[in-house]
Amino acid sequence: MRQAHLAVTQHTTTDGVHVLALAGEIDHTTAGTFRQALTTGDASPRHTVIDFRDVTFMDSSGINVLVAAHNITRTDGGWLRLAHTPARVLDILHIVGLDAVIPVYPTLNGALTAHNAA
């Protein structure tokens, strides 16, 4: 059985938005990596954009991580946004209704521009 791999790159913009770029597969073996990347130091960032451009697969494990991250950021008065979400992943988000809860943008720049306009 082949194990999934997930690579994460991240940075924080000058105005404090935590940006994650994911590459690979999100399943039960990589969900911990995804969850850990959503925290910075001892806390979760208030504003996060996740770039899904290079994600090739996501199952319910990824959905669970997104729901938890969304709930935490909302509790702290922040937000979570998704960008460059491939059709395969977007279909899953739509099936569970998460695309109606977490804003999805066609580009990373669009998600960041929406932040600046808010």
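Colleague: How do I read the place of His-84, and in which part of the chain does this residue lie?

Modeller: The elements are DSSP runs, where helices are H or I runs of at least four residues, strands are E runs of at least two, and the numbering starts from the N terminus. On that reading, His-84 lies in the loop between β4 and α3, and Thr-85 also has its place in the loop between β4 and α3. Please keep in mind that this is a predicted model, in which local features need pLDDT of at least 70 and side-chain atom pairs count only at pLDDT 80 or more, whereas totals for chains, interfaces and linings use all residues. Residues are numbered from 1 along each chain as its sequence is written, and side-chain values use heavy atoms, with hydrogens and water left out.

Colleague: What is the sign of phi at His-84, and is the residue buried or exposed, or something in between?

Modeller: In general, most residues other than glycine have a negative phi. His-84 has a positive phi of about 50° although it is not a glycine. As for cover, buried means under 20% relative accessible area, exposed means over 50%, and partly exposed lies in between, using a 1.4 Å probe and protein chains only. His-84 is partly exposed because its relative accessibility is 26%, whereas Thr-85 counts as buried because its value is 13%.

Colleague: Which residues does Thr-85 touch, once those up to four places away in sequence are not counted?

Modeller: A contact means heavy atoms within 4.5 Å. By that criterion, and with the sequence neighbours set aside, Thr-85 touches Phe-52, Leu-90, Leu-93 and Val-104.

Colleague: Turning to the sheet, in what order do the strands stand, and how are they paired?

Modeller: Two strands pair if DSSP finds at least two bridges between them. Here 5 strands form an open sheet of mixed pairing, in the order β1-β2-β3-β4-β5. Its edge strands are β1 (6-12) and β5 (104-105), each of which pairs on one side only. Strands β1 and β2 run antiparallel and are joined by 7 bridges, and one pair of bridge partners is Thr-9 with Ala-21 in β2. The hairpin of β1 and β2 has 5 residues between the strands, and within this hairpin Gly-16 takes a positive phi near 90°. Strand β3 (residues 47-58) runs parallel to strand β4 (residues 79-83), with 5 bridges joining them.

Colleague: Which strands do helices α2 and α3 touch, and how are their directions described?

Modeller: Axes are lines fitted to C-alpha atoms, for helices over the stretch in contact, and the angles run from 0 to 180 degrees between N-to-C directions. Helix α2 (residues 60-75) packs on the sheet, touching β2 (18-26), β3 and β4, and its direction makes about 140° with that of β4. Helix α3 (residues 87-96) also packs on the sheet, touching β3, β4 and β5, with its direction at about 115° to that of β3.

Colleague: How many salt bridges does a search of the whole structure find?

Modeller: A salt bridge is a side-chain nitrogen of Lys or Arg within 4 Å of a carboxyl oxygen of Asp or Glu. The search of the whole structure finds 1, formed by Asp-51 with Arg-53, whose closest N and O atoms are 2.7 Å apart. Asp-51 counts as buried because its relative accessibility is 5%, while Arg-53, at 43%, is therefore partly exposed.

Colleague: Where is Asp-51 found, and what is its bridge partner in β4?

Modeller: Asp-51 is found in strand β3, and its bridge partner in β4 is Ala-83. Leaving aside neighbours within four places in sequence, Asp-51 is in contact with Leu-20, Ala-21, Leu-22, Ala-83, His-84 and Leu-108.

Colleague: What pattern does the protein chain follow along the sequence, and why is the chain called as compact as a globular protein of that length?

Modeller: The pattern is β-β-α-β-α-β-α-β-α. The radius of gyration is taken over C-alpha atoms, and the globule rule is 2.2 Å times the number of residues to the power 0.38. For the protein chain the radius is 13 Å, close to the 13 Å that the rule gives for 118 residues, so the chain is as compact as a globular protein of that length. Buried residues make up 41% of those 118 residues, and of the contacts between residues at least 6 apart in sequence, 63% join residues at least 24 apart.
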